[in-house]
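The following exercises concern salt bridges, an interface between chains and the confidence of a model. Each task is followed by a solution in steps.

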Amino acid sequence: MTATQADREAAPGTSAPEVALEARAFSFSYGPRQTLFDISIRMQARSVTAIIGPSGCGKSTFLRSVNRMNDLIPGAGYQGEIRVAGMSVFDPSTDLVTLRRQVGMVFQRPNPFPKTIFDNVAYGPRLNALVPRREIPEVVEQCLRQAALWDEVKDRLDQPATGLSGGQQQRLCIARALGNRPEVLLMDEPCSALDPIATQKIEELIFELKQQYTIVIVTHNMQQAARVSNMTGFFDAGRLIEFDATTQIFTAPKHERTEAYITGRFG
Amino acid sequence: MTAGEPAITEEPGAAVLQGRAVGDTVFKAALTIAVLAVPALLGFLVWELWVGSRLAIERYGFDFITGTTWDPVAEEFGALPLIVGTLTSAAVALVIAVPLSLGVAIYLTEFSPKWLRQPVAFVIELLAAIPSVVYGLWGIFVLIPVLKDHVFPFLRDTLGFLPLFQGPIYGNSMLAAGIILAIMVMPYIMSVSREVLMAVPASQREAALGLGATRWEAAWTAVVPYARSGIVGAVILGLGRALGETMAVTMLIGNRHEIAASLFAPGYTMAAVIANEFTEAASDIHYAALSYVALSLFVVTVIVNGLARILIWRVSRGQAGGGQGV
């Protein structure tokens with residue numbers, strides 16, 4: 001993996017930025033309904049940022065704005081700016097494919113393709129022709145190892161991914177996202193469909209992955225946010241109420257709304 | 001109902017449930033009869049065809065399948081050109097219809113603006129409601145002249161090195177029949193594959209797009225493979241229809257009992273010969289021969305559908321194996 005690290009640092013324009021993800025006065029609306037108001041946030045490279053907040057507060061919308069997944073929805077509109085790894089996300093000259101390669105996404109429910117385990121992980125590298133064809137097995141192994149799945153699946157790479165357990169499928173989806181060698185990994189409630197043991201594995205994995213990736217995780221589970229993240233942002237009604245070090249947020253929140261939420265008084 | 005459930009063991013509630021259970025039994029019996037009627041009908045049909053064709057089966061046996069002469073006067077019957085004609089016209093139809101309908105289905109589910117989806121789908125499904133004799137008439141008066149004057153000469157000039165596109169151009173031909181069949185089976189293949197593609201979960205599209213696929217790549221490498229077995233099913237539905245279609249084919253295929261290498265040459269199909277000759281058959285052996293053709297058509301359909309089932313089974317099982325997706 002050190003080679004990848006070196007590649008990335010050597011590559012012009014992407015030389016290990018301190019701030020990996022930044023939103024400036026970002027607002028978002030679906031048609032007439034505005035769902036995000038004036039979000040400004042800066043996330044350090046190689047850190048885990050948790051986004052918490054009650055249902056419908058706009059946390060997923062924010063996450064899905066970062067890789068412009070919300071473009072799929074008709075009537076989506078925005079103001080302000082989001083920058084990822086030096087790219088302006090909404091700039092007309094930004095290539096969606098390049099952006100989404102840099103910004104991996106893991107979804108709420110594991111969504112492996114009904115292909116083999118190998119083909120799932122190889123999807124990104126093949127699609128984007130990141131490495132010569134003969135090196136793909138190497139990349140696949142590397143990604144599966146990083147996703148802590150290699151030992152469980154190395155003997156059945158040619159088996160359908162849909163035969164794995166839910167937790168394994170989710171780790172496979174993480175491996176698949178890593179196949180693109182992204183800068184940022186967005187996780188949209190990655191454990192909400194998993195049992196506690198599988199959840200714990202994913203959390204351990206997040207801990208490992210932050211050595212190399214910038215991770216943004218949306219979660220409903222406050223213990224999870226407290227366990228895995230360095231920084232936590234609290235969203236409420238489409239606004240970023242508070243953004244601070246996780247320990248700060250969970251021990252001494254500055255905003256009463258945050259305190260009410262983390263102590264379970266609403267949400 | 002939840003409140004009433006504990007009452008099962010109590011007297012008043014039990015009586016009520018008893019009365020309703022009788023209704024259940026009657027309903028079940030009625031449905032069972034309906035379900036059994038289907039295979040019974042099929043069995044009766046096969047038996048009837050068998051009895052009808054006994055005379056011909058005893059006289060010609062398997063030579064009937066391999067023979068190429070059809071001479072009712074000399075009482076010489078061979079069905080090979082009919083079988084070949086049926087299979088060829090259906091194959092031509094699928095070669096044309098499958099890419100077109102799949103393209104339309106993909107466009108409608110993945111790319112078209114929302115307001116366009118319903119109207120286009122509706123119009124295409126309307127094509128399925130047109131009686132086949134109308135297709136036949138349209139074929140004779142509109143399609144054949146166009147094919148004869150423009151399309152066929154063009155094909156002969158460009159693809160004439162293939163035996164398929166050589167020889168004299170009559171108009172009525174295997175290719176004309178195949179084209180009309182393609183138009184007729186398109187609505188089926190299109191609407192079923194559209195349904196199947198629409199049923200692909202959004203998470204599959206998002207997974208592909210999130211990995212940096214363009215919309216086209218997402219459609220082709222994630223959505224279509226996910227829907228594969230359903231699409232094969234749609235094609236088989238179209239194939240079944242193409243094999244059995246009678247009227248429009250009879251009107252366009254030329255009805256000549258011979259096997260030609262060229263698609264410009266006229267041909268004949270099993271369904272067409274039955275429709276043309278059954279009312280005019282003069283001798284018992286002629287009747288029996290036509291029944292034998294019907295029986296053969298049935299067997300061919302069963303074989304083709306069986307192969308198709310195996311294909312679906314392999315495709316859906318092999319959904320893991322398709323490594324060439326990208």
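**Exercise 1.** With which residue does B:Arg59 form a salt bridge, and how far apart are the closest N and O atoms?

*Solution.* The structure is a predicted model. Step 1: the partner of B:Arg59 is B:Glu75, and the closest N and O atoms are 2.9 Å apart. Step 2: a salt bridge requires a side-chain nitrogen of Lys or Arg within 4 Å of a carboxyl oxygen of Asp or Glu, so the distance of 2.9 Å qualifies the pair. Step 3: B:Arg59 belongs to helix H1 of chain B, whereas B:Glu75 sits in the loop between strand S1 (70–71) and strand S2 (76–77), so the salt bridge ties together parts 16 residues apart in sequence. Step 4: B:Arg59 is partly exposed at a relative accessible area of 45%, and B:Glu75 is likewise partly exposed, at 28%.

**Exercise 2.** Locate the salt bridge between B:Glu58 and B:Arg54 in its secondary structure, and classify the exposure of both residues.

*Solution.* Step 1: the side chains of B:Glu58 and B:Arg54 meet at 3.1 Å, N to O. Step 2: both residues lie in helix H1 (residues 11–60) of chain B and are four residues apart, which is about one turn of the helix. Step 3: exposed means over 50% relative accessible area; B:Glu58 has 58% and is therefore exposed. Step 4: B:Arg54, with 41%, counts as partly exposed.

**Exercise 3.** Is A:Glu22 buried or exposed, and which network of salt bridges does this residue join?

*Solution.* Step 1: A:Glu22 forms a salt bridge with A:Arg24, at 3.4 Å from N to O. Step 2: the relative accessible area of A:Glu22 is 13%; because buried means under 20%, A:Glu22 is buried. Step 3: A:Arg24 is partly exposed, with 42%. Step 4: through shared partners, salt bridges link A:Glu22, A:Arg24, A:Arg42, A:Glu81 and A:Arg83 into one network. Step 5: over all chains, the count comes to 18 salt bridges.

**Exercise 4.** Describe the interface of chain A and chain B, beginning with its extent and ending with its composition.

*Solution.* Step 1: chain A contributes 25 residues to the contact and chain B contributes 24 residues. Step 2: the buried area is about 2,100 Å², and carbon and sulfur atoms give 60% of this area. Step 3: A:Pro114, A:Tyr123 and A:Leu127 supply 27% of the area that chain A buries against chain B, more than any other three residues. Step 4: one salt bridge is found across the interface; its partners are A:Arg64 and B:Glu206, at 2.6 Å from N to O. Step 5: seven residue pairs are in polar contact between the two chains. Step 6: helices H3 (96–102), H4 (117–127) and H7 (166–178) of chain A each provide at least two residues of the side that touches chain B, and H4(A) gives the largest share, four residues. Step 7: the residues on this side of chain A comprise 12 nonpolar, five polar and eight charged.

**Exercise 5.** What is the mean pLDDT of chain B, and which stretches fall below 50?

*Solution.* Step 1: the mean pLDDT of chain B is 87, and 91% of its residues reach 70 or more. Step 2: residues 1–8 of chain B have pLDDT below 50, and this stretch has four contacts beyond near neighbours in sequence. Step 3: residues 320–326 of chain B also have pLDDT below 50, with 18 such contacts in the model.

Conventions:
Residues are numbered from 1 along each chain as its sequence is written. Chains are lettered from A and ligands numbered from 1 in the order in which they are written. This is a predicted model: local features need pLDDT of at least 70, side-chain atom pairs count only at pLDDT 80 or more; totals for chains, interfaces and linings use all residues. Side-chain values use heavy atoms; hydrogens and water are left out. Contact means heavy atoms within 4.5 Å. Buried area is the accessible area (1.4 Å probe) that two parts lose on being put together, summed over both. A polar contact is a pair of N or O atoms within 3.5 Å; within protein, one must be able to donate a hydrogen and the other to accept it, and residues adjacent in sequence count only if both atoms are side-chain atoms. Ala, Val, Leu, Ile, Met, Phe, Trp, Tyr, Cys and Pro count as nonpolar, Asp, Glu, Lys and Arg as charged, and the others, Gly among them, as polar. pLDDT is the predictor's confidence in each residue, from 0 to 100. Buried means under 20% relative accessible area, exposed over 50%, partly exposed in between (1.4 Å probe, protein chains only).
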